[in-house]
Amino acid sequence: MRFFPLILVILSLGCSTAKLAVHDVAAVATAPARATPRQWKQTAATAAAVGAALLLDEEIADLVRSNDAPLLDDATEFIEPFGGGHSDKVMAAFFLYGALARNDRAGQTAFDAFVSSIIASKGITPALKALTHRRRPHGSGDDESFPSNHATQAFTVATVIARHYEDRRWVRWLAYGVATGVGFARIYHDDHYTSDVIAGAAIGTFVGHTVVTANQKWRVQTDGKRVMVSLRW
């Protein structure tokens, strides 16, 4: 279980942070009931994009396969782990920096990313995989193609980072650029169809935004020894 150490980290932080994590799960579960007309339009547009991709999945896969190149091989091999184990390292880096430098923003980013990742990558996406049983491209591998968990994870972490560093455009571009690269790598390596990646990206973006918004009135602070949760005033 890749996220088991992260769950232990959150639980070890204390009762208040565990309660906030539960609060975040509830916020994601009830988000549709609070959605605005604009958000419903965005959801409809995302569904339409997934539907359109479903119709073109095979053609896109064939196109990508016919345009492989050594440079793309190296680039995708480098960036793909940021939808897997490397994302854990990114979150851990934010957590450690927040604790050692007593930087509340970094600590909050780490916490929101941890919780969002567990909800999206260990909850929503696996549940959809179990429901859809879609075979991977050309029937290779297992039947857990839809949605892409790498894309979910990459866009979850990217969205949380982008939201917490909205004042730094280069951070947003870098975060989403890496996430997009992860999605492309999964298609390039014939592990997922385009629709799998779009769906995973949508899930990660939705959960990341929801958790960050839900936690805006809370402050996760650290003095280097303890992590505390308090209301913002």
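Contact here means heavy atoms within 4.5 Å. The structure is a predicted model, and the passage below concerns the packing of helix α9 against helices α6 and α8, together with two buried residues, S116 and M91.

S116 is located in helix α6. Its relative accessible area is 0%, and S116 is therefore classed as buried, the limit for that class being under 20%. When residues up to four places away in sequence are left out, the contacts of S116 are S121, T156, V160, V207, G208 and V211. Of these partners, V207, G208 and V211 also appear among the α9 residues that meet α6, and S116 itself is one of the α6 residues in that contact.

Helix α6 comprises residues 104-132 and helix α9 residues 194-214. The two helices pack with their axes 9 Å apart, at an angle of about 140 degrees. Angles over 145 degrees count as roughly antiparallel and 65 to 115 as roughly perpendicular; α6 and α9 are therefore oblique to each other. The crossing in which α6 passes α9 is right-handed. On the α6 side, the contact involves D112, S116, I119, A120, I124, T125 and L128. The α9 side contributes I203, V207, G208, V211 and V212. By class, the residues of this contact comprise eight nonpolar, three polar and one charged.

Helix α9 also packs against helix α8, which spans residues 169-188. Here the angle is about 150 degrees, and the axes are 9 Å apart. Because angles over 145 degrees count as roughly antiparallel, α8 and α9 are assigned to that class. Their crossing is right-handed. The residues in contact are Y176, G183, R186 and I187 from α8, and T194, V197 and H209 from α9. This contact is made up of three nonpolar, three polar and one charged residues.

A further buried position is found in helix α5, which covers residues 85-100 and contains M91. The relative accessibility of M91 is 1%, so M91 counts as buried. M91 and F114 are 23 residues apart along the chain, and a distance of 6.9 Å separates their C-alpha atoms.

How values were computed
Residues numbered from 1 in each chain as written. Predicted model: local features only at pLDDT ≥ 70, side-chain atom pairs only at ≥ 80, totals over all residues. Heavy atoms only, no water. Axes fitted to C-alpha atoms, helices over the stretch in contact; angles between N-to-C directions. Helix = DSSP H or I, 4+ residues; strand = E, 2+ residues; numbered from the N terminus. Parallel < 35°, antiparallel > 145°, perpendicular 65-115°, else oblique. Left-handed = near helix turned anticlockwise from the far one by under 90°. Nonpolar A, V, L, I, M, F, W, Y, C, P; charged D, E, K, R; others polar. Buried < 20%, exposed > 50% of the residue type's maximum accessible area, 1.4 Å probe, protein only.
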